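Me: I am new to this structure and would like a close look at a single part of it. Please take the place where the chains meet and describe it in one connected account.

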2 protein chains.
Amino acid sequence: MKVLCERILKEGKCFEGSILKVDKFINHQMDPNLMKQIAVEFIRRYASTEINKIITIEASGIAPAIMMGFLLDLPVVFAKKKTPSTMSDMLITKVFSFTKQREYNIVISKEYLTKEDKVLFVDDFLAYGNAAKGIIDLCAQAGAELVGMGFIIEKAFQHGRSIIEKAGVRCESLAIIESLENCKIKLRR
Amino acid sequence: MKVLCERILKEGKCFEGSILKVDKFINHQMDPNLMKQIAVEFIRRYASTEINKIITIEASGIAPAIMMGFLLDLPVVFAKKKTPSTMSDMLITKVFSFTKQREYNIVISKEYLTKEDKVLFVDDFLAYGNAAKGIIDLCAQAGAELVGMGFIIEKAFQHGRSIIEKAGVRCESLAIIESLENCKIKLRR
């Protein structure tokens, strides 16, 4: 996706530890028009796929997910990183955060992810694939069909894609980073 | 806002401690079309106000905020509840969560909230107004002009509005709950 790649090269910032900061347009400040373009591109790529629900994880996945849901007229569910006191009947799984070097839980109410669902998962980043693994597990627990996963940015050198493809799930990324070595952003053409 | 009030009466659930759960269409599962309608109503109410940025707090405020940003073609910034390791120059304030009975920090990068900004804040709930107070403080720190605050649901009996109005900030809520006594939702007509 050309407009996204240009934006990453222009406004993305590299940090020690292969961190790519895109908080000018995705992660903290968000460009709603870019989010709409991202949603349209996901819709195009999954044009021949039957979907009845979009899922994401709070917080940075919500913007592209709600745009997709709006354009497709589908409900959007975001997995929570904390268990609300009022949620009783839920699906829960552990996710290891490589960046933070600790485990956390993600939860979805059983009411909003069921065996009737054909789910597309959307998120901002694919890195080691730990969050994706968590979502694959939640869908398996629910008996829901995970028809695909879509990421705005994939850090290919962290190999998260292999986890998704091994699970037999289709994976689409709109910008693929080959390397961040020496704090230089190298995109796949 | 009629469609929202009807939805709250139909799908909202009451819990001990004056908790209103709206996780079928706002807080966990989201209805993107309702979010668009909510955004349009905020735009209508603030039609005569000059705004150059929408701000919100992760996570449930992001959906209405991004819809507003999209319709108005304005950037959206969400305050974070955790300090990212890559964020150095930031505005920070403490917020007391009544529900969780503890304090947490909210942060916005100095880069994305400045004295040039005329900011509209959007969030899902107005209760005791502690988050709103935090946002008023962040805007004051930045020298930004906070032109208004918009909430999807206001729990009037928790009096958060008085904090906002005392600060001289306009406050608009799309559905106002008078009481949740005996787990009955009583809306203001």
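Reply: A good place to start is a sheet that draws on both chains. In this predicted model, seven strands form an open sheet of mixed pairing, in the order 3(A)-5(B)-4(B)-8(B)-9(B)-10(B)-11(B). Its edge strands are strand 3 (29–30) of chain A and strand 11 (186–187) of chain B, each of which pairs on one side only. Within the sheet, strand 4 and strand 5 of chain B run parallel and are joined by four bridges. One residue of this pairing is Ile54(B), whose bridge partner in strand 5 of chain B is Val76(B).

Another pairing between the chains involves strand 5 (residues 76–79) of chain A and strand 3 of chain B, which are antiparallel and pair over two bridges. There, Val77(A) stands opposite Gln29(B), a residue of strand 3 of chain B.

Now the contact between the chains as a whole. On the side of chain B, 42 residues are in contact with 43 residues of chain A. The area buried between the two chains is about 3,500 Å², and carbon and sulfur atoms give 65% of that area.

Two salt bridges are found across the interface of chain B and chain A. In a salt bridge between Lys13(B) and Glu111(A), the side chains meet at 3.7 Å, N to O. The interface of chain B and chain A also has 14 residue pairs in polar contact, with both residues at pLDDT 80 or more.

Several elements of chain B each supply at least two residues of the side that touches chain A, among them strand 1 (13–15), helix 2 (32–45), helix 3 (62–72) and strand 7 (102–109). Helix 3 of chain B gives the most to this side, with six residues. By kind, the residues of the side of chain B that touches chain A divide into 22 nonpolar, eight polar and 12 charged.

A single residue shows how contacts within chain B and contacts to chain A can come together. Ser60(B) is found in the loop between strand 4 (53–57) and helix 3 of chain B. Because its relative accessibility is 11%, Ser60(B) counts as buried; the cut-off is under 20%. Leaving aside residues up to four places away in sequence, Ser60(B) touches Phe78(A), Asn27(B) and Asp124(B). With Asn27(B), the side chain of Ser60(B) makes a polar contact of 3.0 Å.

Note on methods. Residues numbered from 1 in each chain as written. Chains lettered and ligands numbered in written order. Predicted model: local features only at pLDDT ≥ 70, side-chain atom pairs only at ≥ 80, totals over all residues. Heavy atoms only, no water. Contact = heavy atoms within 4.5 Å. Buried area = accessible area lost by both parts, 1.4 Å probe. Salt bridge = Lys/Arg side-chain N within 4 Å of Asp/Glu carboxyl O. Polar contact = N/O pair within 3.5 Å; in protein donor to acceptor, adjacent residues only side chain to side chain. Nonpolar A, V, L, I, M, F, W, Y, C, P; charged D, E, K, R; others polar. Pairing = 2+ DSSP bridges. Buried < 20%, exposed > 50% of the residue type's maximum accessible area, 1.4 Å probe, protein only.
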